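Okay, everyone, thanks for coming. I'll put the structure up and then walk you through a few spots in it.

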Amino acid sequence: MLANQRLEFTGNSNPQLENPHQDSPTHPEPYVISPELKKAVNLAIYLRRPLLLEGDAGCGKTRLASAVAYELGLPLYRWDVRSTTKAQDGLYEYNAILRLHDVQTQNVVQQPPVAPGNAAETDKDEDEERVNRNPANSKHYRKFGALGKAFKLKSCPAVVLIDEIDKADLDFPNDLLTVLDEPWEFKIKETGETIRATYPRKDAKDNVIDCRPIVIITSNKEKGNLPAPFLRRCLYYYVDFPNDKKQLQEIIEKHYKIREKTPPPSALVENAIDRFLSVWNEGGLFKKPGTSEFLDWLKALHTFEPKPYNAAKLKKDESLPYRELLFKLQQDWKKYAKAS
């Protein structure tokens, strides 16, 4: 993947582009994407604006980033947000305590300062620095986060997944604004470095170089709407659960094809979809099962016992087999336990 290529996500994960980045996913993602979502992804890539995805749990928000990175051969850096996460955590961490420890335990040999441009460019280089660290060099004690790694790339952009941004403090999204905008840079105060993403420019051969990261953000709206200034910077898309027999059928076919596994018998697939959608649409569930739970349930129906579950029995019986794969809350569990 060259930085000057116009990037376009097609949703076709096979085959992957030649010469993928070493941090690109190594396995294809069986992701079925709608034309509308595909357009939103390509707009985000073209405009280099964060794509904010909302939707029910299990509707495929998180897996999209992996599908994009795999198809385009780009590195994928994932940032899982927690309640205590700060914006700087995704840029870098600086271990001042370790440096103080090294000062006290090593014979410090003053080394000449590292010239700009000679700093570590890859994780491997940074690992070597950490093994052979010298407290005289402040750069040996900083570790880049997901966004920091993406900003350092010089040959291609990275896909950065910021997962469940709504778990963090409300100030967190606004703090990101200063980084995900011009001039696309951040400073490391401990080392005096300025890390800047390779911005759109032309090289000597008139090729356009643009290594600004492709940022995909997911949210479950646990703490309400995100701040308005942050939303203005993002593209927004609501991912619906594939609550449709044809969509689920397509997901199953792609899942088993990419995994190179034998799919369940067609009658079992058809009846499993009908039962699952009946439960999902019935209402009254405190936590509806997602796509991954459905695929696990179908796998259990197909291969858990020596013989696949009887498709006709699945359709007629009131009991719901392997309900532990679908329901994760007591109320839902008890509701369907009555029929077993």
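**Helix packing, odd backbones and a buried valine**

Let's start with helix H8 and helix H9, residues 266-282: the two pack at an angle of about 130°, and their axes are 10 Å apart. An angle like that makes H8 oblique to H9. As for handedness, the crossing of H8 past H9 is right-handed. If you want to click on the contact, the H8 side is Lys245, Leu248, Gln249 and Ile252, and these meet Val269, Glu270, Ile273, Asp274, Phe276 and Leu277 in H9. Sorted by class, that contact has six nonpolar residues, one polar and three charged.

I should say right away that this is a predicted model, so please keep that in mind.

Now stay on H8, which covers residues 245-258, and look at helix H10, residues 291-303. Here the packing angle is about 70° and the axes are 12 Å apart. That makes H8 roughly perpendicular to H10. The crossing of H8 and H10 is right-handed. From H8 you have Leu248, Ile251, Ile252, His255 and Tyr256, meeting Thr291, Phe294, Leu295, Leu298 and Lys299 in H10. By class, H8 with H10 comes to seven nonpolar residues, two polar and one charged.

Leu248 and Ile252 are worth highlighting on your screens: both appear in the contact with H9, and both appear in the contact with H10.

Let me zoom out for a moment. The protein has twelve helices and eleven strands. Of its 340 residues, 47% are buried. Taking contacts with a separation of 6 or more, 76% are between residues 24 or more positions apart. The exposed surface is about 18400 Å², with carbon and sulfur atoms supplying 50% of it.

For one example of a long-range neighbour, go to Val215, in strand S10, residues 214-219. Is Val215 buried or exposed? Val215 is buried, with a relative accessible area of just 4%, and the cut-off for buried is under 20%. Val215 and Ile162 are 53 residues apart in sequence, yet C-alpha to C-alpha they are 7.4 Å apart in space. Setting aside neighbours within four places in sequence, what touches Val215? The contacts are Arg49, Pro50, Leu51, Leu147, Val160, Ile162 and Leu180.

Last topic: backbone oddities. Which peptide bond is cis? The one from Glu182 to Pro183, with omega near 5°. You'll find Pro183 in the loop between helix H6 (171-177) and strand S6 (185-188).

Then there are two positive phi values outside glycine. Glu164 has phi near 60°, and Glu164 lies in the loop between strand S5 (159-163) and H6. So H6 has the Glu164 loop on one side and the Pro183 loop on the other. Glu164 counts as partly exposed, at 21% relative accessibility.

The other is Tyr322, where phi is about 55°. Tyr322 sits in the loop between helix H11 (311-316) and helix H12 (330-337). With a relative accessible area of 17%, Tyr322 is buried. The cut-off is 20%, so Tyr322 at 17% falls on the buried side, while Glu164 at 21% is partly exposed.

That's my tour, so over to you for questions.

Key:
Residues are numbered from 1 along each chain as its sequence is written. This is a predicted model: local features need pLDDT of at least 70, side-chain atom pairs count only at pLDDT 80 or more; totals for chains, interfaces and linings use all residues. Side-chain values use heavy atoms; hydrogens and water are left out. Axes are lines fitted to C-alpha atoms, for helices over the stretch in contact, and angles run from 0 to 180 degrees between N-to-C directions. Helices (H or I, at least four residues) and strands (E, at least two) are DSSP runs, numbered from the N terminus. Angles under 35 degrees count as roughly parallel, over 145 as roughly antiparallel, 65 to 115 as roughly perpendicular and the rest as oblique. A crossing is left-handed if the near helix is turned anticlockwise from the far one by less than a right angle, and right-handed if clockwise. Contact means heavy atoms within 4.5 Å. Ala, Val, Leu, Ile, Met, Phe, Trp, Tyr, Cys and Pro count as nonpolar, Asp, Glu, Lys and Arg as charged, and the others, Gly among them, as polar. Buried means under 20% relative accessible area, exposed over 50%, partly exposed in between (1.4 Å probe, protein chains only). Accessible areas come from the Shrake-Rupley method with a 1.4 Å probe; for residues, only the protein chains shown count as cover.
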